[in-house]
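I opened this notebook to record, step by step, what I looked up in the structure and what came back. The entries follow the order in which I worked.

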Amino acid sequence: MNSRTHPLEGRELAAWMLARAKDAGAEACRVRVHRRRFVSVRYRDRRPDLVSEASTRGLAREVFKAGHYASESTPDLRPASLEGFAAQVLSRALLTEADPFRGLPGRERYGVPPALDLELADPAHASLSLGERHGVARELEAACMDLAGPGLLSVEATANDQDSEEWVLSSDGFEGRERGTEFWTGGLLSLRDEGGRRPESWVYAGVRRRRDLPAVQAVAEELVRRARAGLGAGKIASATLPVVVEGRCAGTLLGGFLAALGGRSLQQGQSFLAGRLGERVGSPAFTLVDDPFIPAGLGSRRYDGDGLPARRRGLVDGGVLRAHLVDWYYSRKLGVEPTTGSPSNLVLPAGGRGLEAALKDLGRCVLVTEIIGGNANPTTGDFSAGIAGSLCEGGRPVRALAEMNIAGNHLQLWQRLIEAAGEPYPWGTLRVPALVFDAVAVSGT
Amino acid sequence: MPAEIEGYFKKEFGIDAGLCRRLLERALSRGGDFADLFFEHTVKDWAGLEDGKVDRSRGEVILGVGIRTVKGAQVGYGFTQDLREEAMLAAAATAASLVNQAARPVAAGFTARRHSGFYSTDPARAGIALEAKIPALKSVHGLCLGASPLVSKVTAGFASSLRRILVATSDGVLAEDCAPLSNFSVQVVVEKGGRRERAGWDLGGRREASTYAPAAVEGLARRAVDRALVLLEAVQPPSGTFAVVLGPGLSGVLLHEAIGHGLEGDLNRTGASTYASSMGARVAGEGVTIVDDATLEGAPGSLHCDDEGTPGQRTVVVEKGMLTGYLHDRISAGHYGAAPTGNGRRQDFTHEPIPRMRNTYLLPGEAAPEDLVREAGQGIYVEDVANGQVRIGEGDFSFYVSQGRLIENGRLGAPIKDVNIMGNGPRLLADIVRVGNDLAHYHGGGGLCGKNGQLVPVGFGMPTCLVRSLTVGGVQAQGGRP
């Protein structure tokens, strides 16, 4: 090594660690080197409230020897520290018990990652100035103040972005490199209401290409609209009602289903979806696709955490369970072919008509705009969660709702999905439209 | 005489008083009220058991410095993992860029703050080596399988960390700490007649390695299995509004969500909290006194000093039903003209400190726990709480009951599970009818509280408590019609 303080970076650093692991007697090794630059500007009271900026980096390695396995990471990339880190390459792994299922997938499994430009990195990031970031946050806060008027209690507006890059090298021939940018604009807003309540709203829009960010005015309008929708909220009587869950909060609900799809849950007897491949687990309206190839998608990728090539995969097709989410390790333990350990972008295709039309057809129903807390039991499928939203009649909100719950079991819930309405939520890895269930237990007074 | 930094960061990274001064001077080179440095070196270690083998482990290091310039409530923040002077000066310049005024001087010297023994800071006693975790984890497998023939799967994880920090401020405070945190958690799956349930138990906190003696591990396994076996008989309860008896210990999550967050100084300073205009007002009955406490020995939220260098302390937020104080960091304390309460915490050096809870609990009353169940008549008894959340402006909170009992005719009845409970914070406080004499604290070290994208370890405590009414998210509607 030469005398520079940081002689190795990126791919070279990963290759160096791989070579040192091999020299130390590791049978196999995978190294991930990453770096990230992050800037955030937040405005409140027409002033910058928080300006934060930094670069981080780190190295993570997994080592394998005769079934022994360990993973370790360090941000300390000073040559002397790295030497020490490299000198202990096997000490952690050899303390653990051998596990015959541990290992890397092998060269033949990696194939060639698709030669696609997923447009994950926006070159415009490099020229974005601190002044422009201030401008976005300042304008968003000002627009919220103008729109909300005298009922406004509190607003904060944020613009943040990052540029990150990773290199992955494995001793059995995998090599991956990905660079990505993200730009986020959004805020929190609260209004004055009767009885000391302060209805609050949040909107955070995130994209990979800066030009895809929504206009500041549109974000402000949504913040104010959502907070106003919570004015005067209260409970209604417990009942079983049609329930519509907005796409942006469907994640909590879907999360309970996804947890049971995972290889570890399946292998450990903690999944209500074990042994159900090919069976009906939902209504014909329930389709779920893991799509890693959406251009500029926040979850898009060419390879997964095991280095397996990304693939578009139907998880649920017209209500029939088609695939579990099984990584390389649990595929060996379960004796099945791996799919992927973690989904990329999850798409629930829209049914074709708008939310308003769907609401109109439902008559009296609950529109859920927030899920608060709640949880699901992946072993049994039972779930229960707090909600806020509106009671709708004839397609229109007639009463703001708060302090209520929905509950049930996933094995029944998805059978009651009658429609996916409106546009999918665009600002996340979960691209889900509003989910329309014809009957869910709703509890209130 | 300026106090020299004698401790860990000087020895390991060459961080001395002169360097701290230079960084602070850079952070205040364009003005500001004060600046601070937060050095962190955290070493984390985890080992896991699955299918009878301790076949996985993970090590992680967090190392870096966060540099903050503060003017009023405005914050400039730069951080770096690179502890060379030039990289740290660049981070200080980032922090300084917030303001554009004349430089502000830095105090001539540093005074080290004193701390008391809320936990061991001796790595030799508080650190838990991987070698020590493996036999403990290994034993849990057999203990759980031996406890009941219905146990089909056992998983366990044993995590520990040592978090060393050094805080230096432009007004001359120097604080250094080494805080251990560990958690041993066991989950079991039980099966009977085609029905399958899973439950677990934790043991942890800022504890010494000796906590995890064989008898304690045996108790941990026994509790995990007992919890799971009860679930085999449990149902989701009916939905509606019921009297709720909160069992001792973990149900303190409810206090954390229902009132704790609402009392964090930043959320009141900005007017976002439902409690923003309640200071000095009656918010609960005479029997309700709530504290947030950094001084509980071994508890996961205890702190010798917070991440701004303020000494750890016990803060009474509600005294005999009256709202007496908010939880402050330096910025919110400045806004209210109050003293910081030692609640300025951060997930790690990449984040600015904000007001956060530590160990939050309700002081015990005089009622016998069984009397509260009798008084409830019909309702829900809460034993285990998995997670919670609050909407800070409305005060509406949610907590998920993983295990409990129905209360029927004043007695504990059938076990229940997997039910979310919703309520409103201010109304809940007013609805606490009676408080039991059996205060208990969360037994684990895995309780994390999330706010503004930052997770910090916290503790909870609760005596048995009777609440007049809460919304229970069960499955069978009572009194409602489709």
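Before counting anything across the interface, I fixed the criterion: a salt bridge is a side-chain nitrogen of Lys or Arg within 4 Å of a carboxyl oxygen of Asp or Glu. I also noted that this is a predicted model, so the entries below describe computed values.

**Entry: charged pairs across the interface.** Applying that rule to the interface of chain A and chain B, I found nine salt bridges. I then looked at one pair by name, Lys333(A) and Glu50(B), whose side chains meet in a salt bridge with N to O at 2.7 Å, which is within the 4 Å that the rule asks for.

**Entry: polar contacts and the make-up of one side.** I next searched the interface of chain A and chain B for polar contacts, and the rule returned 55 residue pairs, both residues being at pLDDT 80 or more. On the side of chain A that touches chain B, I saw that strand S2 (residues 47-65) of chain A gives the most, with eleven residues. Sorting the residues of that side of chain A by class, I obtained 26 nonpolar, 32 polar and 22 charged.

**Entry: strand pairing between the chains.** I followed S2(A) further and found that it pairs with strand S3 (residues 74-80) of chain B in the parallel sense, over six bridges. Within S3(B), I noted Gly76(B) as the residue that stands opposite Val51(A).

**Entry: extent of the interface.** I counted 80 residues of chain A in contact with 84 residues of chain B. For the area buried between chain A and chain B I recorded about 6,600 Å², with carbon and sulfur atoms giving 45% of it. In chain A, the residues that lose the most area to chain B are Glu97(A), Arg198(A) and Glu403(A), which together account for 11% of what that side buries.

**Entry: salt bridges over the whole structure.** Widening the search to all chains, I found 71 salt bridges. Among them I looked up Glu132(A) with Arg210(A), where the closest N and O atoms are 3.8 Å apart. Because Glu132(A) lies in helix H5 (residues 130-148) of chain A and Arg210(A) in the loop between strand S6 (200-207) and helix H6 (216-229) of chain A, the pair ties together parts that are 78 residues apart in sequence.

**Entry: chain B on its own.** I listed eleven helices and 24 strands for the secondary structure of chain B. Along its principal axes, the C-alpha trace of chain B spans about 70 × 55 × 40 Å. For 482 residues a compact globule would have a radius of gyration near 23 Å, and the 24 Å I found for chain B agrees with that.

Terms used. Residues are numbered from 1 along each chain as its sequence is written. Chains are lettered from A and ligands numbered from 1 in the order in which they are written. Side-chain values use heavy atoms; hydrogens and water are left out. Contact means heavy atoms within 4.5 Å. Buried area is the accessible area (1.4 Å probe) that two parts lose on being put together, summed over both. A polar contact is a pair of N or O atoms within 3.5 Å; within protein, one must be able to donate a hydrogen and the other to accept it, and residues adjacent in sequence count only if both atoms are side-chain atoms. Helices (H or I, at least four residues) and strands (E, at least two) are DSSP runs, numbered from the N terminus. Ala, Val, Leu, Ile, Met, Phe, Trp, Tyr, Cys and Pro count as nonpolar, Asp, Glu, Lys and Arg as charged, and the others, Gly among them, as polar. Two strands pair if DSSP finds at least two bridges between them. The radius of gyration is taken over C-alpha atoms; the globule rule is 2.2 Å times the number of residues to the power 0.38.
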